[in-house]
Every structure is written in C-alpha cells, then in structure tokens.
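Please look over the model shown here before reading the notes. They are meant for a reader who is new to protein structures.

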Amino acid sequence: MTDVKPCCCPPEAPKTVPVGPQSVRVANTGPKPKPDVIFWGGLGVVLAGYAWHILQLLTDEHAAYHPEGFAGAVFSIMNQMWVGMVIGIVALGFMSRIPRHFVMAALGTERGWRGVVRAVMAGVLLDLCSHGILMIGAKLYERGATAGQVMAFLISSPWNSFSLTIIMFALIGVKWTLAFIALSMLIGLITGILFEYLEGRGNLPANPNRTAMPDSFKFWPEAKAGLKSVPWSPQFIWQTLLIGLRDSKMILRWLFVGVIIASALRVFLDPAVFEQYFGPTVLGLAMTLFAATVIEVCSEGSAPIAGDIFNRAGAPGNAFAFMMAGVSTDYTEIMVLRQTTKSWKLTLFLPLLTIPQILLLGWWLNGL
C-alpha cells in the first residue's frame, strides 16, 4: 500500500488545540474577506433580467415566442447555459474529492505529446458546454495538469459533446461535422504540444501545483480501494455539491459578466448581419473571428449561428472559425484562465497560438 490518500476522501476536520480534557476550535484571526462585487453584482443583474422576463411571460403570451430586449436575451442565454453550468458545478465538487495523484495518473505523469493526446481525448468524450468545461479545466490545472494539457482539453471539448454533435449533424451534415471535430482535435493537439515545448524551454511558467507520482502508485488498485471507502450518504453528496458551488464561484462571476455583455450585444447587434456580410472571403473570415470574440455565446448558442453562416452565407470555414474562436478568444475564458494560472503571459498565449491555426484552416475550408 502507498501513502496516497484514498479517492473521494472527506474534507479535513477543522484544526483544534487541546486544552485540558477538551479541545477548542482555532479561530480565524485574519481580515474578513471583502464581498465579491463582480459575482454578486453580476448575479443580481442576471436574476433581475430573468425575473423580469418571467413577468413578461405571465402578462404577454407572445413573449414566449419572441423574447425581446435585455431581459429576453438574459432569459434565452441562461436557458441555454444552465444545464452545462449545473453539470460543471457537480463535476467540480466530485473532482475536488479526488486526490491529485489520480488526476495526474489519468492524464499521464510525463510531460509531452502523450499527456496532451490524453487531454484531447478526455475533452472530446466529456459532454459539457464551454461554460461547464471551463470549471473542469480550472480544476485540472489546480490538480496539477500541465498548461499544455489544460489548453488541449479546453480547445477540443466544448462543442464536441455528444448532444451538440447530434445538433450539428442536423445543421450542417455528418461529413462537415466530423471534419470540424477532427480539425478542432488537431488544433488542440498542436496547441497543447506547443505549450509543452514553450514551458519546457522556460518561455512559459510551469504549473506550481504539479507534483511527482509515487513510484509504488498503481492507478486501478488505488481507485478501487478509494471507491470502496466513499461514504455515499446524503450528507456526503450535499457537502460535495457545496464544495463544487464554492469552487465554481470564481468562474461563475465571469459567466455572469459574459451573459450581461452578450445580452446587451443582442439588443444592438442584428444576427442577420452574419448572413449578409460574413461570406467566404478573407474579410468575411476576419469579421467572423472578430464577432465571435466580442459576442459571448455558449457552445449550444454558437451552433445555430454557425449553422446560419454555413448554410446561408455558404462559408464552412467561417462557421468553423466562429465556433473555434468562441473557445480560444472568448473573454470569459481569458479571465478565468488568468485567475486560475495567475499569469497573463500564459493566458494570452492561448489566442496567440490558436488564432493563426483557426484562420488558416478556415481559409482552407472555404476553398473546398
């Protein structure tokens, strides 16, 4: 047996100091944390907009079919996002229970292309939207994954989920959907390997959370022993959900900001612009990339817009660029990565390395 903590171990008990026959809890003497203005302010605006549209639904039957204004946009975006957010929070809670060694063993203990390939496959197989996957990516970095693995995971995952793949089959056909998935995996693999290379040379900071694996660690025996020790009680599940909610607060704050900005843009930007001006040209490709950068939409929300670009503008490369740019240039993702890695340099290398690949492949797809 090793000294590795069993899987899904319960949280540590509060520290106590013995005083005679009893023990007293150690009090926190540090400064009281300030309220998170961005989180609570964003949550307040989103809840207000959502509640206002519900009032509109109760008083106007047409509001259900034609959600208009800022409140209607908030209502629509949150209805697209909430499933991915909830799944992400739950997954985050259970991931917090898993010891770091298991995460590292699953992704691969060695640096280089093997670990990146594992991260790409994990991203493709995980059925989550871009906002849910952000929570998992941040937790992976915290648990010791390399920057290359995290970037490959984020790039290859959001709209390659099973549910969204079925939607894309209906929107653009099986052949083009499979091509988009394969090319997104290629970008994830290339970007992850480049991050590994730059980190190895010292051009990018290494993950400070990374630890060495014990020589005697065996993944499957340890995993089985850990699962047997899990107390599947309502209290355990409730505590796990609370952990997931607490750990996701950092990401939720930026998701709420994204919802507010996206809702405002929907009020002032007509989606029909995509259909008329975003054709299969170099200028159209550049405009598509810019629009995808400034318009915050979840992966489910980007699919119908990409379908319109593909079918009405006749620009498969632009459709691919729109979906990929939402992963590599999205400001919510940029801010979450910055807060997770504590490095602007590492964070900004994501768009720096991915945008040239997206533009090149988009230009190539438009010429087919």
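The briefing below goes from the whole chain to helices, cores, aromatic rings and the surface.

The structure is a predicted model. The protein has 17 helices and two strands. Of its 368 residues, 48% are buried.

**Overall picture**

- Contacts between residues at least 6 apart in sequence often span a long stretch of chain: 80% of them join residues at least 24 apart.
- The protein exposes about 18,600 Å², and carbon and sulfur atoms supply 68% of that area.

**Helix α6 and residue M151**

- Helix α6 covers residues 147–156 and is mostly covered, with ten of its ten residues buried.
- The buried residues of α6 include G148, Q149 and S156, as well as V150, F153, L154 and I155.
- M151 is placed in helix α6, and M151 counts as buried because its relative accessibility is 1%, under the 20% cut-off.
- Leaving aside neighbours within four places in sequence, M151 is in contact with F195, L337, L346 and L350.
- One of these contacts, L337, is 186 residues from M151 in sequence, yet the two C-alpha atoms are 9.6 Å apart in space.

**Helix α16 and residue T340**

- L337 is also one of the buried residues of α16, which are T332, E333, I334, V336, L337, T340 and T341.
- T340 lies in helix α16, which runs over residues 331–341.
- T340 has a relative accessible area of 15%, which is under 20%, so T340 is buried.
- Not counting residues up to four places away in sequence, T340 touches A138, Y141 and M250.
- Just after α16, K342 takes a positive phi of about 60 degrees.

**Nonpolar cores**

- In soluble globular proteins, nonpolar side chains tend to be buried together.
- The largest nonpolar core here has 54 residues.
- The residues with the most contacts inside this core are L140, F153, L154, F180, I187, F195 and F320.
- Helix α15, residues 316–328, gives the largest share of this core, eight residues.
- Apart from this core lies another one of 15 residues, among them F39, M78, M81 and L255.
- I187 is in contact with I155, F320, M324, T354, Q357, I358 and L361, leaving aside neighbours within four places in sequence.

**Aromatic rings**

- A pair of aromatic rings is described by the distance of the centres and the angle of the planes.
- The structure holds eight aromatic pairs.
- One of them is formed by F39 and F256, with 5.9 Å from centre to centre and 50 degrees between the planes, and this pair is tilted.
- The pair links distant parts of the chain, since F39 is in helix α1 (residues 37–59) and F256 is in helix α11 (residues 249–268), 217 residues apart.
- Are F39 and F256 buried or exposed? F39 is buried, with a relative accessible area of 9%, and F256 counts as buried at 7%.
- The rings of W232 and F236 have centres 5.6 Å apart and planes at 80 degrees; pairs with planes over 60 degrees apart count as edge-to-face, so this pair is edge-to-face.
- W232 is exposed, with a relative accessible area of 51%, whereas F236 counts as buried at 4%.
- Ring pairs also link W176, F180, F310 and F320 into a cluster.

**Nonpolar patch on the surface**

- Which residues form a nonpolar patch on the surface? They are W82, V83, V86, I87, V90, L227, W232, I237, W238, L241 and L242.
- Together the residues of this patch have about 1,000 Å² of accessible area.
- The elements that give two or more residues to the patch are α2 (69–97) and α10 (234–247).
- Helix α2 gives the most, with five residues.
- W238 lies in helix α10, and W238 counts as exposed because its relative accessibility is 53%, over the 50% cut-off.
- W232 thus has two roles in this briefing, as a member of the edge-to-face pair with F236 and as a member of the nonpolar patch.

How values were computed. Residues are numbered from 1 along each chain as its sequence is written. This is a predicted model: local features need pLDDT of at least 70, side-chain atom pairs count only at pLDDT 80 or more; totals for chains, interfaces and linings use all residues. Side-chain values use heavy atoms; hydrogens and water are left out. Buried means under 20% relative accessible area, exposed over 50%, partly exposed in between (1.4 Å probe, protein chains only). Helices (H or I, at least four residues) and strands (E, at least two) are DSSP runs, numbered from the N terminus. Rings of Phe, Tyr and Trp (its six-membered ring) pair if their centres lie within 6.5 Å; planes under 30 degrees apart count as stacked, over 60 as edge-to-face and the rest as tilted. Contact means heavy atoms within 4.5 Å. Accessible areas come from the Shrake-Rupley method with a 1.4 Å probe; for residues, only the protein chains shown count as cover. Patches are made of residues with over 30% relative accessible area and no salt bridge: like charges are joined within 9 Å, nonpolar side chains (Val, Leu, Ile, Met, Phe, Trp, Tyr) within 5 Å. A salt bridge is a side-chain nitrogen of Lys or Arg within 4 Å of a carboxyl oxygen of Asp or Glu. A nonpolar core is a set of buried Ala, Val, Leu, Ile, Met, Phe, Trp, Tyr and Cys residues joined through side-chain atoms within 4.5 Å.
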